[in-house]
Amino acid sequence: MAKQNYDELAKNIVTNVGGKDNVNKVIHCITRLRFYLNDEKKADTDAIQDLDGVAGAVYNAQLGQYQVVIGQAVEDVYDKVIEQLGDDVVDKEATDAAVEATGGKKSNKPDGFFGLIKYGFQLLIGTITGSMMPIIGLLAASGILKGILTLFTFNLGWIDESSATYQIINTIGDSTFYFLPILVGYTAAKQLKSDPIIVAAIAGVLVHPTMVDLGAKTSKNFAEFLGVTMNANFFGLPIHIPSYTYSIFPIIFAAWLARPVGNWFKKVLPLSLRSIFQPLFTLFIVSIVVLVVVGPVITLISSGLATFINWLVTLNQAVAGLIIGGLYQVLVIFGLHWMIIPLISNDIAQTGHSVLNGLINFTMIAQGAGALAVWAKSKITNIKSLAFAGALSGFAGVTEPAMYGINLKYGRVFWMANIGGAVGGFIAGLLKVDMFGFTGSWIGFPSFFSKTNPNNIWYFVIAGVVTTVVSFVAVYFWGFKDDDVKNAKAAEKKNVFKDAVNN
């Protein structure tokens, strides 16, 4: 069969299985296309068998598949069929299983323990970025709005921080981030094939005012475990309730867990009870697991990292700048940075400044510069617009649009940008850069004016320029090419937790 005929063959196969609207899913084994059809009676078996390149067609009632026998060219024909139908009909897990069951090998199977770790990490990043992509535009818009408000309020003095005007605009800009778990819960559930409404409701539990109030409790009367305050209890079990606003990893875990839990109750509950008790049990069980297990575990790990980072800054500011500049944004991905924020707040409250916050600042600049390099290099219109918005937001102190929209999705961008962050942090540490406010990145430059050290602002500018240049150059030459866009598409469709285990 000549390769130039694959497009026409795929088009004819799709037409004769009943058209695009009749196809729910399509996979393949080593010789056959396997269609899951909404109505198998619409398939014209005689017409399909008459096509050049088709060796036969049959409906397998036991598997519920309409199978079209192609032979060795099945993968090429399958690719053309997917071009006709779109990625929504793809099921990589089922395809891998079918290929393996018929004597083939799974594609992209990792080799050895470290290969498995690398593959699992790639799938995790694919799941995170895939869950974030539908809301990246909204995140970028909110980040830019927050940056403009900061400029008008703290830099130019045009808006009073205590005014209702500030509060209204700040709420508009902050609402996306405050309720981020709900938005991500919905999109992650769709990607991981859970019930989006149930997962969004679980996210609502995490950001409910009651949970926010519990998380804010820091009384000395509470017990502590490994430096973490047990600010609540569940049936007498002391637990820690962290702040879940701005977080994404706990709700992505919840979206994964909700699928097997929901499916199990769907199997065991009578049909008459299912519509009420399946969501009830899923909501309750998954919420409790996240609140009692996942959240506290993340907090404990975060607390340990915060203690180490604080010790490192005290020990050697330059070395701390190198490490923090290169790796801090990795902590942000997994929500492990939350216990570092109280350290910064405490520093500023007690001393009026924070060296640690000053070093973290350059990681924001680095991610923004990485996205800017993608904007400069790419010739793909939607990538350029997304990268530019991410860069603006990053320079305004909000890195999520750049991180999840561009930098993490095209992995080398993230790590090349981190090189710039490491270099900038190292220089900032050598120059003893200090910071006198919360607002970071380029828009936060007023936070670096010092009454006692007039050169501090210039040291910030030097380290910031170096961070920007190194990140930009590293990404532009070694971190991104337009071909990476095609390679990243498959990652968004993968179920990270299940794929990593099965492989």
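**Rings and charges: a quick chat**

Modeller: Here's a starter: Lys-25 lies over the face of Tyr-36, 4.6 Å from the ring centre. "Over" needs NZ of Lys or CZ of Arg within 6 Å of the ring centre and within 35 degrees of the ring normal.

Biologist: Which ring does Lys-377 lie over?

Modeller: That of Tyr-476, at 5.6 Å from the ring centre. This is a predicted model, where local features need pLDDT of at least 70 and side-chain atom pairs count only at pLDDT 80 or more, while totals for chains, interfaces and linings use all residues. Residues are numbered from 1 along each chain as its sequence is written, and side-chain values use heavy atoms, with hydrogens and water left out.

Biologist: Cool. How many aromatic pairs are there?

Modeller: The count comes to 18. Rings of Phe, Tyr and Trp (its six-membered ring) pair if their centres lie within 6.5 Å; planes under 30 degrees apart are stacked, over 60 edge-to-face, and the rest tilted. Trp-375 and Phe-388 make a tilted pair, with 5.3 Å centre to centre and 40° between the planes.

Biologist: Is Trp-375 buried, exposed or partly exposed?

Modeller: Partly exposed, because its relative accessible area is 33%; buried means under 20%, exposed over 50%, and partly exposed in between (1.4 Å probe, protein chains only). Phe-388 is partly exposed too, at 34%.

Biologist: And what about Phe-448 and Phe-460?

Modeller: They form a stacked pair, 4.1 Å centre to centre with 10° between the planes. Phe-448 is buried at 0%, and Phe-460 is buried at 0% as well.

Biologist: New topic: which residues do ring pairs link into a cluster?

Modeller: Trp-264, Phe-265, Phe-277 and Phe-281.
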